[in-house]
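Here is a friendly walk through one protein model, from helix packing to aromatic rings and a handful of lysines. Keep the structure open beside the text as you read.

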Amino acid sequence: MEEVDVEPAVTNIPAASDGKHLGFAWGPGDILVYETLYKASGSGCSFIHEVRKDEDIYSPNLRKLFNESHHIFVGLQTIREDLPSKNKKPQFVSISKNYRSVIRACMEELQQVAVSTKDAEVATQYGNQVSILLAIELIWNLCEVLTLSGSLLLHLLDWVRLHKADVDEKAAEVLQSESPAEHHDYWDVVVSYVLQGRLEEARQMLVKQATLHPAARKMYKLMDTLLSKMPFYNPGGTQTLTEFDVKWRHWHGEVNRCLQDNSFASNQHLEIICKIIVGDEDTLLEHKELLSTWYHFLVTRLLFSHPTVKPTELHYYAQSCMTMFLDARSVPEPLDNILLAAFEFDIHQVIKECSIALNNWWFVAHLTDLLDHCKLLQSHNLHFGSNLREFLLLEYASGLFTHHSLWQLAVDYFDNCPEFGRVYLGLQIEHIPLDTERKALKVLRICEQRQMSEQVRSICKIMAMRALRNNRLGSALSWSIRAKDAAFATLISERFLQDYCTRGTFSDLDLIDNLGPAMLLSDRLTFLGKYREFHKLYGEKRFSEAAKLLLSLMTAKIAPRSFWMTLLTDALPLLEQKEVIFSADQTHELMFCLEELTSSLNHSAPGTDKPTQDEDIEQTKVELLRLALARNLAMAIIKEGTIEA
């Protein structure tokens with residue numbers, strides 16, 4: 001079969017009317033499209049359209065699918081590469097079944113919601129989602145059967161039975177009736193069981209009919225014998241394929257003789273069953289309603305006509321069955337093309353068709369990842385550098401990143417894309433809205449774990465600036481320290497000192513008291529930490545240590561010149577103590593600092609327009625300091641002289 005190159009349908013966006021310009025802006029997961037009307041004063045905007053590429057990401061009912069499959073995906077990545085293939089295959093089959101069970105669970109929940117809702121539009125929307133999930137599970141199951149399972153035909157039968165479960169519902173209804181053998185759906189159930197290869201259930205149902213018609217018991221007994229004798233090939237058993245083929249041909253010849261002998265001519269229902277198990281195609285096609293799909297017809301035809309079919313021959317039978325089953329005028333649906341590609345073992349075509357037909361990347365990303373781990377997907381490089389598995393995972397994860405909570409799942413997908421995952425993660429993180437500090441810390445932790453220093457600095461700066469605008473100085477300082485931003489830490493330290501000058505107390509004492517080595521980030525932050533340390537020493541009445549620290553802040557030029565007067569004023573209570581705290585040398589240094597400060601103030605005075613009241617206050621402080629320093633110097637000289645003597 002020639003490959004049909006199907007392109008996605010073009011979607012027209014009714015955004016710009018006649019005579020108006022169309023503007024657009026790209027977002028991380030969508031496009032904003034709007035009308036523009038250029039005027040002298042600028043541009044106007046009448047309509048805005050948001051075009052999303054992964055609408056399913058925003059469906060609350062599919063949240064479970066994304067969360068549960070994420071856990072399975074992470075588990076799959078932990079399977080060691082060096083394990084032998086025979087040890088890994090059961091694990092891969094188990095993982096595939098886990099994926100399908102998640103799909104089915106989600107599908108059942110959606111069906112319940114669709115039935116319970118009173119809104120017709122919502123019911124239709126959920127119904128569509130159920131149909132899509134049903135198709136996804138169908139395709140996944142087929143790919144699992146064709147690529148991972150051993151017994152091809154038996155697994156294809158299981159596949160059909162799983163997706164044609166309405167037979168069991170109808171059978172339950174028949175068996176619960178007063179007289180099952182006389183129920184109007186009785187023969188439909190029996191024939192459906194036979195079409196699905198469920199011969200044991202068909203025999204049990206036929207017993208009820210035989211009991212009701214004792215005269216025809218011999219005929220029913222013959223049918224029961226034929227059904228019980230039908231051989232099934234199991235590759236895991238002791239029987240070889242040749243032995244099975246001989247046994248099957250013998251059984252098939254026996255059924256054919258019964259048909260030629262008109263053994264069931266007096267009972268049309270048993271004759272139909274006989275024609276089905278002999279593989280009569282016309283009879284099979286007469287039961288299209290019970291088969292419902294061409295691929296059910298395919299599996300039934302293989303079961304009763306070609307039970308030893310080879311995988312390489314499947315595509316031939318699949319194409320012929322679809323042609324025979326579908327109306328000549330009907331066009332194959334996208335699902336038909338996908339299943340045909342699967343029967344041809346053309347996995348790349350399956351992925352391509354699914355990418356076009358389905359409205360999200362979930363299915364193709366996870367299926368491709370699983371097949372790639374199984375070494376069943378020839379992973380070729382795409383024209384832009386990445387391989388197919390990584391490309392699909394990147395697209396799916398990028399879609400998750402546009403969601404307000406699912407973005408956290410996307411991180412693990414990016415982590416498992418060795419070529420471009422880190423780059424994509426860095427770009428996507430820049431678009432995460434940091435609505436709360438809790439969310440910012442989550443994002444920050446992710447970046448720190450991956451040594452993404454540039455993103456760490458960016459997040460910390462954003463949060464520090466936001467905290468500063470809200471006058472939350474402690475939070476702002478904490479974020480700037482985390483960002484290792486010396487300039488911003490200096491700016492916030494200045495604000496702390498200004499606040500202290502205004503109010504006379506420090507805010508966020510816990511943070512300042514526990515700066516530790518972080519205070520070395522900038523000189524101003526060092527000063528803030530040491531100045532707070534001075535206050536603690538003073539409060540603990542460790543006056544000598546406090547005096548030494550205060551003096552060192554000025555003499556080592558750590559303190560800003562604008563803060564010297566505050567420091568000298570803080571020295572006053574120490575100078576007024578009965579016991580001498582500052583030595584003569586220390587007092588001389590304080591005097592030198594005071595003179596240096598007053599000298600600079602006098603030089604700058606002519607050019608300033610300070611209020612007279614402020615000048616008076618400053619002058620009073622200077623005079624008090626000089627007096628206190630002179631008194632302390634005298635006391636220190638006397639004390640030191642006495643000690644020497």
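## Helices that cross

Helix α9 goes past α10 in a left-handed crossing. Please bear in mind that this is a predicted model. The two axes, of α9 (residues 241–260) and α10 (residues 268–277), come within 9 Å and cross at roughly 145°. On the α9 side, Trp251, His252, Val255 and Leu259 make the contact, and on the α10 side Glu271, Cys274, Lys275 and Ile277. By character, the residues of this α9–α10 contact split into five nonpolar, one polar and two charged.

Another pair of helices is worth a look. The axes of α17 (residues 362–373) and α18 (residues 388–400) come within 9 Å, with a crossing angle of roughly 145°. The crossing of α17 and α18 is left-handed. From α17 the contact takes in Trp362, Val364, Ala365, His366, Thr368, Asp369, Asp372 and His373, while α18 brings Leu388, Arg389, Leu392, Leu393 and Tyr396. Sorted by type, the residues of the α17–α18 contact are seven nonpolar, three polar and three charged.

## The overall picture

Stepping back, the protein has 30 helices and four strands. Its chain counts 645 residues, of which buried residues make up 44%. How much of the contact map joins residues at least 24 apart, among contacts between residues at least 6 apart in sequence? The share is 62%.

## Aromatic rings

The count of aromatic pairs comes to 26. One of them joins tryptophan 294 and phenylalanine 343, with ring centres 6.1 Å apart and 65° between the planes, an edge-to-face arrangement. This pair links distant parts of the chain: tryptophan 294 belongs to helix α13 (residues 294–305) and phenylalanine 343 to helix α15 (residues 334–343), 49 residues apart. Are these two rings buried or exposed? Tryptophan 294 has a relative accessible area of 2%, so the residue counts as buried. Phenylalanine 343 is buried as well, because its relative accessible area is 0%, under the 20% cut-off.

Next come phenylalanine 414 and tyrosine 424, whose ring centres lie 6.1 Å apart with the planes at 40°, so this pair is tilted. Phenylalanine 414 sits in helix α19 (residues 407–415) and tyrosine 424 in helix α20 (residues 421–429), so the pair ties together parts that are 10 residues apart in sequence. The partners differ in burial: phenylalanine 414 is buried at 1% relative accessibility, whereas tyrosine 424 is partly exposed at 29%.

There is also an aromatic cluster, formed by Phe527, Tyr531, Phe534, Tyr538, Phe543 and Phe563.

## A lysine over a ring

Which ring does the charged end of lysine 288 sit over? That ring belongs to phenylalanine 325, and the charged end of lysine 288 is 5.3 Å from its centre. Lysine 288 is found in helix α12 (residues 288–291). Setting aside neighbours within four places in sequence, lysine 288 is in contact with Met324 and Phe325. The C-alpha atoms of lysine 288 and leucine 326 are 9.7 Å apart, and the two residues are separated by 38 residues along the chain.

## Lysines compared

Lysine 88 lies in helix α2 (residues 85–116). Not counting residues up to four places away in sequence, lysine 88 touches Ile79, Arg80, Glu81 and Leu83.

Now for two lysines in loops. Lysine 484 has a phi near 55°, a positive value in a residue other than glycine. The loop that holds lysine 484 runs between α23 (473–482) and α24 (486–503). Lysine 541 also has a positive phi, about 60°, although it is not a glycine. Lysine 541 is placed in the loop between α26 (523–539) and α27 (543–555).

The table sets out the accessibility of these lysines.

| Residue | Relative accessibility | Class |
|---|---|---|
| Lysine 88 | 7% | buried |
| Lysine 288 | 33% | partly exposed |
| Lysine 484 | 65% | exposed |
| Lysine 541 | 63% | exposed |

Both loop lysines thus appear with positive phi and count as exposed, whereas lysine 88 in helix α2 counts as buried.

Key. Residues numbered from 1 in each chain as written. Predicted model: local features only at pLDDT ≥ 70, side-chain atom pairs only at ≥ 80, totals over all residues. Heavy atoms only, no water. Axes fitted to C-alpha atoms, helices over the stretch in contact; angles between N-to-C directions. Left-handed = near helix turned anticlockwise from the far one by under 90°. Contact = heavy atoms within 4.5 Å. Nonpolar A, V, L, I, M, F, W, Y, C, P; charged D, E, K, R; others polar. Phe/Tyr/Trp six-rings, centres within 6.5 Å; stacked < 30°, edge-to-face > 60°. Buried < 20%, exposed > 50% of the residue type's maximum accessible area, 1.4 Å probe, protein only. Lys NZ or Arg CZ within 6 Å of the ring centre and 35° of its normal.
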